[in-house]
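Biologist: Please take me through one part of this model closely, and show how its pieces fit with what surrounds them. I would like the cut-offs stated as you go.

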Amino acid sequence: MNYELKNLIISSGLKDEKKKLQSYRDEIFNNERRMSELTFDRRVGLYAYSFEKYLCLMLNEESDEKEINKLLDTMNSLEEIEGVQEYLRLRGKNDLLKSKIDNYFRDVNIGFRRKLSDLELPSIYVYGKDKFIHIIESEKELSIPKSNDTLVYPYYNLTSLRDLRHFYNKLSFHYLDSMIDDYSFDIKSKKLGKIKVV
C-alpha cells in the first residue's frame, strides 16, 4: 500500500463516489422499467415516442420544421397527464444519475490522472505498435524500454492503431479505477482482463 496514494484517493472523494455507482445503476434500471410500464398507457407511449422522435430530429441539421412543430403539439397536448409527468420525472432522474456516473469516469480519467502526476509513478508502459505509452501519463512514451520497465501487451495480437488506442484507453482507466480500491501501483494485484505483463 502506498500511503501517499491512499491520502490522495481519500482526499479526492473518489472512493466514496465509486461506492455509489452500483446504486446509481440499480436506480436507473428500476426507473427504466417503471417508464416502460407507464408506456402501456397509450397516451404515455405516444408522448414517449414523440419525445424520442423530437430529440432525434433536433440532432439532425436538415430536420423538417413542420414535423417538429407537429411533435411539439402532440407533446403539449399530453404533458398534463399524470403518467406523462411521472415518465418525465423518472427520465430527468435518470439523466441526473447518468451524469453522476459520467462525472465519476471523467474525474478518474482526467482529475485523478492529473493529481497522480505529482507522485513518483511506476515504470509501467503499454504496447502501442512502434512505441510504449506510460499507463498513467499518456504523453510519456518509450521507443526502447529499459530492463526495469514493466511492459503490458494485449493478450491477442492487435494490429490496427485504433484497436491499440482502444486497448490503451480501456486498460489505463481500469488500472486507475482499481487503484482506488487497493491504494497500490502494482499492476499484478489488479483485474485488468486478458493482458500479458513482461
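Modeller: Strand 4 (residues 150-154) pairs with strand 5 in the antiparallel sense, over three bridges, where strands count as paired if DSSP finds at least two bridges between them. Strands (E, at least two residues) and helices (H or I, at least four) are DSSP runs, numbered from the N terminus. This is a predicted model, in which local features need pLDDT of at least 70 and side-chain atom pairs count only at pLDDT 80 or more, whereas totals for chains, interfaces and linings use all residues. Residues are numbered from 1 along each chain as its sequence is written, and side-chain values use heavy atoms, with hydrogens and water left out.

Within this pairing, Y153 has K196 of strand 5 as its bridge partner. The wider arrangement is an open sheet of five strands, ordered 3-2-1-4-5 with mixed pairing; strand 3 and strand 5 (195-197) lie at its edges, each pairing on one side only.

The loop between strand 2 (132-134) and strand 3 (141-142) holds I136, which counts as buried because its relative accessibility is 0%; buried means under 20% relative accessible area, exposed over 50% and partly exposed in between, with a 1.4 Å probe and protein chains only. Leaving aside neighbours within four places in sequence, I136 is in contact (heavy atoms within 4.5 Å) with R113, L116, L121, Y168, Y175, L176 and F185. F185, with the same kind of neighbours left aside, has contacts that include N2, L5, L116, I124, I136, Y175 and M179.

Several of these names return in the largest nonpolar core, which has 34 residues and in which F112, L116, Y175 and F185 have the most contacts. Such a core is a set of buried Ala, Val, Leu, Ile, Met, Phe, Trp, Tyr and Cys residues joined through side-chain atoms within 4.5 Å. Helix 1 (3-12), helix 2 (14-38), helix 5 (82-116), strand 1 (124-127) and helix 6 (161-182) each supply at least two of its residues, and the largest share, eight residues, comes from helix 6. A second, separate core of 16 residues includes A48, F51, L71 and L90.

Helix 6 itself has 22 residues, which at 1.5 Å a residue should span 32 Å, and its end C-alpha atoms are 31 Å apart, which agrees; the expected span is 1.5 Å times one less than the number of residues. Among its buried residues are L164, F167, Y168, L171, Y175 and L176. D181, also in helix 6, is partly exposed, with a relative accessible area of 45%, and is in contact with K15 and K18 once neighbours within four places in sequence are left aside. Just after the helix, Y183 takes a positive phi of about 55 degrees.

The axes of helix 5 and helix 6 come within 10 Å and cross at roughly 80 degrees, which makes helix 5 roughly perpendicular to helix 6. Axes are lines fitted to C-alpha atoms, for helices over the stretch in contact, with angles running from 0 to 180 degrees between N-to-C directions; under 35 degrees counts as roughly parallel, over 145 as roughly antiparallel, 65 to 115 as roughly perpendicular and the rest as oblique. The contact is made by Y104, F105, V108, N109, F112, R113 and L116 of helix 5 with Y168, S172, F173, L176, D177, M179 and I180 of helix 6.
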